[in-house]
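Here's a quick briefing to read with the model open next to you. Take a look at the fold first, then work through the points by topic.

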Amino acid sequence: MPRTTAGVAPGPAVARVRAAGVRAAPCLALLLCGALAGCTTGPSLEDRDAVTGQPGDGHRLVVGSAGFTESDLLAQMYALLLQEAGHRTRILSVTNRELYEPALENGQIDVVPEYAATFADWLNAKVHGADAPTAGSPDLTATMTALRTLAEPRGLAVLDPGRAVDQNAFAVTAAYAAEHRLKTLSDLGAARLPVRLAAGDECVRRPYCAPGLKEVYGIDVTAVDPKGVGTTQSKQAVQSGQNQLVLTTTTDATLDTFGLVLLADDKHLQNADFIVPVVNRARAGGEGVTRALARLNTVLTTTDLAHLNEQVDSWRRLPEDVARNYLAEKGLVPH
C-alpha cells in the first residue's frame, strides 16, 4: 500500500473486529478510544510505569492490522509467530492510524506492523505539529533513532527492522527500459528523455516525487498525470505509452501483469520505510515477544512480501492461509 499519505489504506475512521485464522477480540472495537480526546496524548502520570517499568511479555496479546492486504498479512504472521512462542493472540483490524496508534499506547492493541519512516513522521507531526520537519529519512539508522526517540515517551517500543521495505518506487515498461538501457533512476536522468509521470496529484509538490526526480536525478518530468499511486489506471497509462513513468511501491504485486519493471532508487531519494513491529512496551516489549517476532526478520524480503501480496490480491487467497503457508515453508511454524 502507498505510504504517501498516512501509511494506511483509505477508509472510514472506524474499527472492525476481524476473525482471521486466530480468534478475534470480542467487543474490543467498541472500547477503542471511547473518548478520543483521552487517547491523543502519551501515557498519563498515573500510567507512567508503562514508560519506565520493566517491558512485558503478556500471555494474551492483540495484534493490530491497518486493514489492507499487506498489513493483514504481516499481522497474521506476527500472530502465528507469537502463538508458536506460547502466546494467545487475537487480531483487530483498524483502518485508521488515528484510532489504532492511541489504542497501542493504551494497551488495547499490543503489537502492530508499521513502516519506519512513515510512522516516525506521523508521531513527529503528532508531537510537533503538521508543519514540523520530517523525522524519517533515507538513512535507516537515523530513521530508527528518530522513531524510537518519539515512540519511547508514549510507552511504545520499536523492534528491529528486517530486510523487507515497502517504500515509494518508480516503474517503466520492460520494453521502454530495454530500448533505453534503463536499470536505475540515474539511467533515466542521464538519458535526457521527456517523461510524463502517472502519480497522485500531490506528486507535483512532494520532495520524494516530481521535485526529487528533477533535483536528485535530473529527470525531465514534463507533466504529472494525476491517476493515483500504483492504481490500475496509472499502470495502464504507462503500459499504453500515454505516460512513461508510474509512481508505485516496492511491494507492488501487479507489475508483471502490466509489463512494468522498477527502476532502482540508486541515490536513495525515498525514505527508509522498512517494516518494523511496534509494541506496547509494558505488555509486549519483553524478550519473549521480541525474540518471536525477530524470527520473521531472518526470512522475509521485499520480493517475498510482494509475492505474498499477489497471492491475496490476484490469486484471491485468504491472508491467514498465505501467511501460514509462508511461515511453514520457511520452517518457522509447523505445516
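A quick word on naming before we start: helices (H or I, at least four residues) and strands (E, at least two) are DSSP runs, numbered from the N terminus. What you're looking at is a predicted model. The protein has 14 helices and eleven strands, and buried residues account for 54% of its 335 residues.

**Overall picture**

- Take the contacts between residues at least 6 apart in sequence: 78% of them join residues at least 24 apart.
- The accessible surface adds up to about 14,400 Å², and carbon and sulfur atoms hold 52% of that.

**The five-strand sheet**

- One open sheet has five strands in the order E8-E7-E9-E6-E10, and the pairing is mixed.
- Strand E8 (220-226) and E10 sit at the edges with a single partner strand each, so each has one side without a neighbour in the sheet.
- From one strand to the next, the twist averages 40 degrees.
- E8 runs parallel to strand E7 (residues 194-199), and six bridges join the two.
- If you want a pair to click on, valine 195 has valine 221 in E8 as its bridge partner.
- Helix H9 (residues 210-217) packs on this sheet, where it touches strand E6 (168-173), E7, E8 and E9. The direction of H9 makes about 165 degrees with that of E8.
- H10 lies across E6, E7, E9 and E10, and it runs at about 145 degrees to E9.

**Glutamine 239, in H10**

- Glutamine 239 belongs to helix H10 (residues 232-239).
- Is glutamine 239 buried or partly exposed? It counts as partly exposed, because its relative accessibility is 41% and the partly exposed class lies between 20% and 50%.
- Setting aside residues up to four places away in sequence, glutamine 239 touches Thr173, Thr257 and Phe258.
- Tyrosine 176 is 63 residues from glutamine 239 in sequence, yet their C-alpha atoms are 9.7 Å apart in space.

**Threonine 251, in a loop**

- Threonine 251 sits in the loop between strand E9 (245-249) and strand E10 (260-263).
- Threonine 251 counts as buried because its relative accessible area is 2%, and the cut-off for buried is under 20%.
- Which side chain does the side chain of threonine 251 make a polar contact with? That would be glutamate 70, at 2.7 Å.
- Beyond its neighbours within four places in sequence, threonine 251 is in contact with Glu70, Val165, Asp166, Thr302, Leu305, Ala306 and Asn309.

**The disulfide**

- Searching the whole structure turns up one disulfide.
- Cysteine 203 and cysteine 209 form it, with their sulfur atoms 1.8 Å apart.
- The link between cysteine 203 and cysteine 209 is left-handed, with -85 degrees about the S-S bond.
- Both cysteine 203 and cysteine 209 are buried.

**Covered strands: E2 and E4**

- Strand E2 (residues 60-65) has five of its six residues buried, so it is largely enclosed by the rest of the structure.
- E2 and strand E3 (residues 88-94) run parallel, joined by six bridges.
- Glycine 64 has leucine 92 in E3 as its bridge partner.
- Strand E4 (residues 111-115) is mostly covered, with five of its five residues buried.
- In a regular strand, side chains alternate between the two faces of the sheet.
- For E4, both faces are covered: Val111, Pro113 and Tyr115 are buried on one side, and Val112 and Glu114 are buried on the other.
- Five bridges tie E4 to strand E11 (residues 275-280), and these two run antiparallel.
- Over in E11, valine 276 is the bridge partner of glutamate 114.

**Helix H14 and what follows**

- In helix H14 (residues 319-329), the buried residues are Pro319, Glu320, Val322, Ala323, Tyr326, Leu327 and Ala328.
- An α-helix has 3.6 residues a turn, so residues three or four places apart point the same way.
- The buried residues of H14 pack against helix H3 (69-84), helix H12 (287-297) and helix H13 (302-313).
- Just after H14 comes glycine 331, which takes a positive phi of about 75 degrees.

Note on methods: Residues numbered from 1 in each chain as written. Predicted model: local features only at pLDDT ≥ 70, side-chain atom pairs only at ≥ 80, totals over all residues. Heavy atoms only, no water. Buried < 20%, exposed > 50% of the residue type's maximum accessible area, 1.4 Å probe, protein only. Contact = heavy atoms within 4.5 Å. Areas by Shrake-Rupley, 256 points an atom, 1.4 Å probe, with all protein chains shown as cover. Polar contact = N/O pair within 3.5 Å; in protein donor to acceptor, adjacent residues only side chain to side chain. Pairing = 2+ DSSP bridges. Axes fitted to C-alpha atoms, helices over the stretch in contact; angles between N-to-C directions. Disulfide = S-S within 2.5 Å.
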